[in-house]
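Hi everyone, thanks for coming. I'd like to walk you through how a few pieces of this structure pack together, so please have a look at it while I talk.

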Amino acid sequence: MNRERPKFDVSAPAAKPVEPRGKLARYLAILFIVIVLGGAWAFVKRSREPNPTAESSSTSSRNGFRLKKPSASPAPTTAKSDGETLTPVEVTSQQSTTTQNPGAVLAIPNRPVSVPEPATARTEPTPATRQLVTSLTQIDLSRGAITREQADQWKQGVQQLIQQGAAAVPAIREFLERNQDLRFDGVNGGDLTGYPSLRAGLFDTLQQIGGPEALELSLQTLRTTADPLEIALLARNLEQQSPGQYRQDALNAARETLALALQDKPNIRDVAPLFQLFQTYGDANLLAELQNSLPRWNYYATMALAGLPGGEGIPTLIREVQDPAAASSTTRNVALQMLAQGSAQYPEAGAALVAQARLNQISDYAWRQIAWILGGDQYQFGSQLFDNKLPPPTGPGVRTYHIEAGNQNFYTTPAGANLSADQINQRRALIDQLLGVTSNPTAVQGLQSARALLSGGQAQN
């Protein structure tokens with residue numbers, strides 16, 4: 001069989017070799033040969049080395065996924081001080097939810113399993129259910145966007161999988177054990193699918209299928225995954241199916257994953273869902289973990305301490321603001337803000353604020369934030385996973401914040417949006433107490449503004 005031969009440029013005649021003459025000519029010839037050989041060796045060496053830029057920027061298909069070309073790596077930035085990286089910066093809601101390399105296949109980190117699952121006979125997926133799961137992985141994200149037609153087709157595939165009932169569980173298990181995911185958040189139109197990722201959609205599929213097989217697979221995944229969002233979603237689903245039964249499993253998973261994040265293990269994304277889980281199901285047994293997390297995640301850990309169901313974290317925050325060694329720390333300022341936020345529910349939090357104001361131990365920066373919170377604004381995590389409110393809220397007055405250190409993302413709701421008449425009265429009483437013990441001009445101005453914000457509520461003078 002004839003094959004086309006490689007084509008070469010024959011437009012120029014081949015150069016006739018020149019015979020070197022004399023001693024100098026021989027030296028020059030030898031030097032030329034050495035240079036040519038050295039250049040050739042360098043070229044071969046470079047060609048054998050992997051090129052991560054070329055590899056990551058190509059559009060390819062792996063394990064049924066359609067991969068999207070990731071964006072270029074950001075340019076290196078100038079090193080920032082701890083104060084700069086620990087200070088919240090207001091951003092748009094889109095900036096706070098942007099996913100690195102949206103649309104790319106991501107590896108899901110796993111936790112080591114201390115007690116292996118007992119070996120049991122497994123049911124093989126049917127060809128039909130395996131094809132349904134495979135079709136969900138083949139959504140084309142190469143253009144960096146999901147159209148409504150694509151999203152509708154994808155959601156139809158999910159519904160078909162749900163209709164298979166327990167027969168779909170082996171095919172879902174087969175995919176989940178690959179420890180890969182396709183993220184939709186951050187992709188233009190990704191919200192049309194109704195889920196932040198492919199695996200999140202499969203978790204919800206298991207929830208809707210129900211039954212012992214689906215529950216067991218959800219529990220098995222909870223015990224192995226080290227993805228914070230997955231842990232929170234699975235914990236929520238298991239709680240809805242069997243209230244209270246698997247809370248300890250969820251807390252253990254969150255603890256172990258947070259420990260891995262503290263060790264800077266790769267692929268562990270935003271840990272906010274772990275702190276939300278602590279805040280929802282936690283108790284005094286979590287105080288040590290949360291306190292150890294304060295230097296790394298100052299807002300996340302403090303918000304979780306302030307929000308523990310029984311108020312167990314309030315004494316820890318009080319000790320934090322009373323510590324002389326932390327007088328000017330960012331963490332102390334955050335603790336003061338969270339005491340202000342919890343003061344309507346826990347009188348001891350308000351009393352601690354008054355004591356610090358009397359001692360003139362509150363900075364101007366902290367005073368501005370305290371007054372703002374007493375005026376009605378509330379700090380909340382970026383997504384209320386346990387209230388089934390996955391996307392962060394939007395609308396007038398909602399502000400979204402990002403902190404570089406620890407990749408912390410949260411938002412505040414509008415002033416007084418969710419305050420009852422009693423809470424408004426309690427806040428106004430605390431503002432009056434604070435005005436009675438401080439003469440700091442920044443404090444006085446901020447507190448008076450906060451009182452004015454509350455004047456439109458239902459409270460009585």
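Helix 19 and helix 20 cross with a left-handed sense. Keep in mind that this is a predicted model. The stretches to find are residues 421-437 for helix 19 and residues 441-454 for helix 20, and their axes come within 10 Å, crossing at roughly 160°. Angles over 145 degrees count as roughly antiparallel, so helix 19 is roughly antiparallel to helix 20.

Who touches whom here? On the helix 19 side, we have Ile424, Arg427, Arg428, Ile431, Asp432, Leu434 and Leu435, and they meet Val444, Leu447, Gln448, Ala450, Arg451 and Leu454 in helix 20. If you sort that contact between helix 19 and helix 20 by class, you get eight nonpolar residues, one polar and four charged.

Now let's move to another helix pair. As a reminder, two packed helices are described by the angle between their axes and the distance between the axes. For helix 5, residues 127-137, and helix 6, residues 148-163, the axes cross at roughly 155° and come within 9 Å. Helix 5 and helix 6 are therefore roughly antiparallel as well, and their crossing is left-handed.

Which residues of helix 5 meet helix 6? They are Thr129, Leu132, Val133 and Leu136, and their partners in helix 6 are Trp154, Gly157, Val158, Gln160 and Leu161. By class, the contact of helix 5 with helix 6 has six nonpolar and three polar residues, with no charged ones.

Let's finish with the sheet. There is an open sheet of four strands, in the order 3-7-8-6, and the pairing is antiparallel. At the edges sit strand 3, 89-91, and strand 6, 378-381, each of which pairs on one side only. From one strand to the next, the twist averages 40°.

If you zoom in on strand 3, you'll see that three bridges join this strand to strand 7, residues 399-403, and that the two run antiparallel. Within that pairing, glutamate 90 stands opposite tyrosine 401 in strand 7.

And what packs on the sheet? Helix 18, residues 364-374, does, touching strand 6, strand 7 and strand 8, the last of these at 408-413. The direction of helix 18 makes about 90° with that of strand 6.

That's my tour, and I'm happy to go back to any part of it. Thanks for listening!

Conventions. Residues numbered from 1 in each chain as written. Predicted model: local features only at pLDDT ≥ 70, side-chain atom pairs only at ≥ 80, totals over all residues. Heavy atoms only, no water. Axes fitted to C-alpha atoms, helices over the stretch in contact; angles between N-to-C directions. Parallel < 35°, antiparallel > 145°, perpendicular 65-115°, else oblique. Left-handed = near helix turned anticlockwise from the far one by under 90°. Contact = heavy atoms within 4.5 Å. Nonpolar A, V, L, I, M, F, W, Y, C, P; charged D, E, K, R; others polar. Pairing = 2+ DSSP bridges.
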